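Trainee: Before I use the labels attached to this model, I would like to go through them one at a time and ask what each of them rests on.

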Amino acid sequence: RGRPLVRYLAWQNGYDLDDAEGTNRKYLARLSDELSRSRQVQQAVLLALDGVYDTQGELDEGLTDFLVSNDCLFEAVAADPRFLAGVSVNPARRDAIEELERCAEKGAVLLKALANVQCFDPAERRFAPFYRKMAELGLPFLSHVGREYSLHAKDQSFGDPERLRLALDEG
């Protein structure tokens, strides 16, 4: 919340950073209104953002600067059929495959990752079963690449598109 870009965007949109629930409602209402006025766009994919996980696969709240849980995302999409669920599951989490399956069962349309913010190397071989499960479930992989400036990147090298080769090779 202390980053200049976040403060500026909150100010520009009239969001109160100390009122997360109110800000979420206001954001979703604005997005719903935009969709209602659009002639070309009938639906929007809302995106979750999982956190940073430690070597035991547990959420590291100290390193997680920004988190939008899949449960919060599913609440938002349940309120408006024009919203679709773009879930986020860090493959480093202990229950990554189970969470991926749970999200697919709940109607996820894609999986989003921001590896340099979520602090995982997408090229690690241990993530191959996770990528295979994504392919099996038919979930497209939306991954930010390159350098990240909007959120605090832990390791910018994780945004190298070449690090996605394993995910591509696994389907």
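Mentor: The questions below take up the aromatic pairs, the pockets, the cavity and the sheet of this model, which is a predicted one.

Trainee: Why is the aromatic pair of Tyr-8 and Trp-11 called tilted?

Mentor: The ring centres of Tyr-8 and Trp-11 are 5.9 Å apart, and a pair requires centres within 6.5 Å. Their planes make an angle of 40°, whereas stacked needs under 30 degrees and edge-to-face over 60, so the label that remains is tilted. The two residues are three apart in helix α1, which means that about one helical turn separates them.

Trainee: What makes Trp-11 exposed, and is Tyr-8 buried, partly exposed or exposed?

Mentor: Trp-11 has a relative accessible area of 66%, and exposed means over 50%, so Trp-11 is placed in that class. Tyr-8, with 43%, falls between the limits of 20% and 50%, and is therefore partly exposed.

Trainee: Why is the pair of Tyr-131 and Phe-141 called tilted?

Mentor: The centres of these rings are 5.9 Å apart and the planes stand at 40°, which is neither under 30 degrees nor over 60, so the pair of Tyr-131 and Phe-141 is tilted. This pair links distant parts of the chain, since Tyr-131 belongs to helix α6 and Phe-141 to strand β4, 10 residues apart. Tyr-131 is buried because its relative accessible area of 2% is under 20%, while Phe-141, at 28%, counts as partly exposed. Together with Phe-130, these two residues form one aromatic cluster, and the structure holds four aromatic pairs.

Trainee: How do you know what character the lining of the second largest pocket has?

Mentor: The lining of this pocket, which has a volume of about 170 Å³, is divided by class into nine nonpolar, two polar and no charged residues. Tyr-131 and Phe-141 are among the lining residues, as are Ser-143 and Gly-171; Tyr and Phe count as nonpolar, and Gly as polar. Helix α6 gives the most to this lining, with three residues.

Trainee: What makes up the lining of the largest pocket?

Mentor: The largest pocket has a volume of about 1,600 Å³, and of the 37 residues that line this pocket, the closest to its centre are Thr-23, Asn-24, Tyr-27, Phe-66 and Val-68. The lining divides into 22 nonpolar, six polar and nine charged residues, and α2 gives the most, with seven residues.

Trainee: Why is the space lined by Asp-50, Gly-51, Val-52, Thr-64, Asp-65, Phe-66, Val-117 and Gln-118 called a cavity?

Mentor: The word cavity is used because a 1.4 Å probe fits there but cannot get out. About 40 Å³ of space lies in this largest cavity, and the count comes to one cavity of 30 Å³ or more. Its lining has three nonpolar, three polar and two charged residues.

Trainee: How do you know that β1 and β2 are paired?

Mentor: Strands pair if there are at least two bridges between them, and four bridges join β1 to β2, which run parallel, so the requirement is met. Leu-47 stands opposite Gly-86 in β2.

Trainee: What makes β1 and β4 edge strands?

Mentor: The four strands form an open sheet in the order β1-β2-β3-β4, with parallel pairing, and β1 and β4 each pair on one side only. Neighbouring strands of this sheet are turned by 35° against each other on average, direction ignored.

Notes
Residues numbered from 1 in each chain as written. Predicted model: local features only at pLDDT ≥ 70, side-chain atom pairs only at ≥ 80, totals over all residues. Heavy atoms only, no water. 1 Å grid on protein atoms, 1.4 Å probe; cavity = no way out; pocket = protein on both sides within 12 Å on 5 of 7 lines; lining within 4 Å. Points joined across faces, edges and corners; volume = space filled by probe spheres on them. Axes fitted to C-alpha atoms, helices over the stretch in contact; angles between N-to-C directions. Phe/Tyr/Trp six-rings, centres within 6.5 Å; stacked < 30°, edge-to-face > 60°. Buried < 20%, exposed > 50% of the residue type's maximum accessible area, 1.4 Å probe, protein only.
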